[in-house]
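Hi everyone, thanks for making room for me today. I'd like to walk you through one structure, so let's bring it up on the screen.

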Amino acid sequence: FLNTYSASLPDSVDTSEFFVGAKVLDGRDWKQGDSFLFVIEKDDKAPATEKAETETEALSDGQYTDGQQVPFDFGKAEFTKPGTYTYIIYEKEPDSKAPGLSYSQALYTVTVEVTDSGDGTLDAEATMVQTTDDDAKATGTETDKALITNRYDAESIWAGPNGNKIYTDLSGGSMPLSKCDFSFRVTPLTQGAPIPADVQAEQDGSFTVTNDGTSISYGRAEFTAQHDKDHYDYLLEEVMPQGADESNQYTYKGMKYDPAKYIVRFSPEVQGSGDDAVVTMTITYWNTDDGVNPTTQIQADRISFTNSYKPEAAELSGDDAIHGEKTLNGRDMKDGETFDFKLKSADKNTDAAIAAGQIVIEGWDANSASASCQLTGAKDGEAEDFSFGSIKFDKTGVYKFVISEEQGNAKGVDYDKH
């Protein structure tokens with residue numbers, strides 16, 4: 001008899017409600033052609049939403065008014081199994097920025113918990129948290145929609161770099177991004193370059209920031225008409241712990257850090273004159289060899305720092321190797337006589353880890369999918385130790401093995417059947 005069980009979300013659960021937001025323009029009404037783009041990112045296991053990006057746009061002057069919340073959403077996501085799934089929502093700054101607009105650096109995290117009710121139905125509940133506000137300040141405020149506000153001010157623009165944290169956990173899940181502690185240094189390279197008001201700057205003007213999930217929260221500085229027709233450069237780099245350097249590929253305690261250095265250039269300019277004057281901003285990102293002078297421009301709206309975590313392999317060897325005892329009752333072992341033992345995987349998880357090279361077993365024979373060891377010289381009634389070779393584990397997890405005795409053909413010997 002074969003039975004199968006599956007569970008699904010009932011139609012009454014509208015997952016599109018998990019991924020909603022609203023756009024606010026503060027300081028003026030919307031003009032024809034005003035448009036804003038929003039992005040949703042997901043973790044590796046989460047199902048995709050119907051839209052990875054969504055846009056709000058005014059088709060005519062005054063279609064939306066100053067302060068009005070203009071809704072947007074990313075559609076539904078299809079959840080088919082229990083688990084915890086994470087999404088991040090933010091605004092993507094355009095290459096060509098509207099004059100006088102300070103773009104939001106708000107970041108919202110959506111966590112969806114899917115459980116099996118046991119009656120063939122799944123249940124899904126979502127929590128949305130604002131991790132940073134429009135000024136990139138950490139908040140941690142729970143909310144029901146991603147409210148993203150851009151401020152219009154003809155006399156100043158608030159702007160900051162945009163950065164991503166790209167992280168890979170190679171340990172098998174023991175070090176998720178939420179457990180990591182990364183920081184990033186910003187160093188003004190141009191005299192008079194403004195910095196965010198709430199940072200603690202060092203004597204050289206540099207300050208450090210952290211990441212919120214995959215987004216780096218650099219904060220925003222104010223640029224006014226007095227910064228007109230000048231550019232302001234800032235060096236962006238990851239802070240590395242002592243012990244991470246070129247000799248060890250910038251790796252410390254299993255964490256590989258990113259030695260990349262970038263320069264972000266802010267180029268404010270006043271367009272128009274008199275009552276029609278308005279501050280505009282162009283932001284570009286550059287590679288740099290010496291940390292001072294830009295070399296090649298990066299064709300992207302943000303920079304990224306990449307890290308990965310891989311702990312040193314755990315090893316069972318010597319006295320810690322997998323071992324056992326053998327007792328022969330009735331006589332001593334004869335010269336040249338051996339008892340032979342096999343070590344094999346006991347489940348699919350261990351099979352997969354061996355096949356992927358995440359478990360390396362000394363003397364492993366791929367054809368028989370086993371490792372062997374022998375015992376000789378045992379005395380009548382005395383327990384003798386046997387042990388297998390070393391085993392290295394490159395990935396955390398629970399792994400199971402089975403030890404068995406090979407059935408020999410010595411006359412009068414009853415071999416162990418375990």
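Let me start with the second largest pocket, whose lining divides by class into six nonpolar, six polar and four charged residues. Please keep in mind throughout that this is a predicted model. The volume of this second largest pocket is about 260 Å³. It has 16 lining residues, and those closest to its centre are Ala136, Asp198, Val199, Val209 and Ser217. Which strand gives the largest share of that lining? It's strand 14, with five residues.

Now over to the largest pocket, at about 1,000 Å³. Here 27 residues make up the lining, and nearest the centre you'll find Asp43, Asp44, Tyr167, Leu177 and Thr214. By class, that lining holds eight nonpolar, eleven polar and eight charged residues. Four strands supply at least two lining residues each: strand 2, at 35-42, strand 5, at 83-92, strand 12, at 163-169, and strand 14, at 207-212. Of the strands, strand 12 gives the most, with six residues. So strand 14 turns up again: it contributes to the lining of the largest pocket, and it gives the largest share to the second largest one.

Let's follow those two strands into their sheet. Strands 12 and 14 both belong to an open sheet of eleven strands with mixed pairing, and the order runs 18-19-23-12-15-14-13-17-20-21-22. Strand 18, residues 251-252, and strand 22, residues 294-298, are the edge strands; each has a single partner, so one side of each has no neighbour in the sheet. As a quick reminder, strands in a sheet pair through backbone hydrogen bonds, in either a parallel or an antiparallel sense.

In which sense do strand 12 and strand 23 pair, parallel or antiparallel? They are parallel, with seven bridges between strand 12 and strand 23, the latter covering residues 303-309. If you'd like one pair to click on, take Lys165, whose bridge partner in strand 23 is Phe305.

Next, the enclosed spaces. How many cavities of 30 Å³ or more are there? The count is three. The largest cavity holds about 120 Å³ of space. It is lined by 16 residues, with Gln105, Ala106, Asn162, Ser215 and Arg302 closest to the centre. Strand 5 and strand 15, the latter at 215-216, each supply at least two residues of this lining. Strand 5 may sound familiar, as it also supplies at least two residues to the lining of the largest pocket. The lining of the largest cavity comprises six nonpolar, seven polar and three charged residues.

The second largest cavity has a volume of about 100 Å³. Its 14 lining residues include Pro161, Pro196, Phe207, Tyr234 and Phe266, which lie nearest the centre. What does the lining look like by class? There are twelve nonpolar residues, two polar ones and no charged ones.

Let's move along the chain to helix 1, residues 348-355, where the buried residues are Thr350, Ala353 and Ile354. These buried residues span an arc of only 100° around the axis, which places them on the same side of helix 1. Lys348 and Ala355, by contrast, are exposed on the other side of the helix. What do the buried residues of helix 1 pack against? Their partners are strand 26, at 339-345, strand 27, at 359-361, and strand 31, at 401-405. After helix 1 comes Gly357, which has a positive phi near 80°.

I'll finish with two single residues. Ser372 sits in strand 28, residues 371-375. With a relative accessible area of 46%, Ser372 is partly exposed, because that value falls between the cut-offs of 20% and 50%. Beyond its neighbours within four places in sequence, Ser372 is in contact with Phe341, Lys342 and Phe388. Ser387 is 15 residues away from Ser372 in sequence, and the C-alpha to C-alpha separation is 9.2 Å.

The other one is Thr109, which is found in strand 7, residues 107-116. Is Thr109 buried or exposed? Its relative accessible area is 18%, so Thr109 counts as buried, the limit being under 20%. Leaving out residues up to four places away in sequence, Thr109 touches Thr86, Tyr87, Ile88, Thr127, Met128, Val129 and Thr131.

That's my tour, and I'm happy to take questions!

Key: Residues numbered from 1 in each chain as written. Predicted model: local features only at pLDDT ≥ 70, side-chain atom pairs only at ≥ 80, totals over all residues. Heavy atoms only, no water. 1 Å grid on protein atoms, 1.4 Å probe; cavity = no way out; pocket = protein on both sides within 12 Å on 5 of 7 lines; lining within 4 Å. Points joined across faces, edges and corners; volume = space filled by probe spheres on them. Nonpolar A, V, L, I, M, F, W, Y, C, P; charged D, E, K, R; others polar. Pairing = 2+ DSSP bridges. Buried < 20%, exposed > 50% of the residue type's maximum accessible area, 1.4 Å probe, protein only. Arc of directions from axis to C-beta. Contact = heavy atoms within 4.5 Å.
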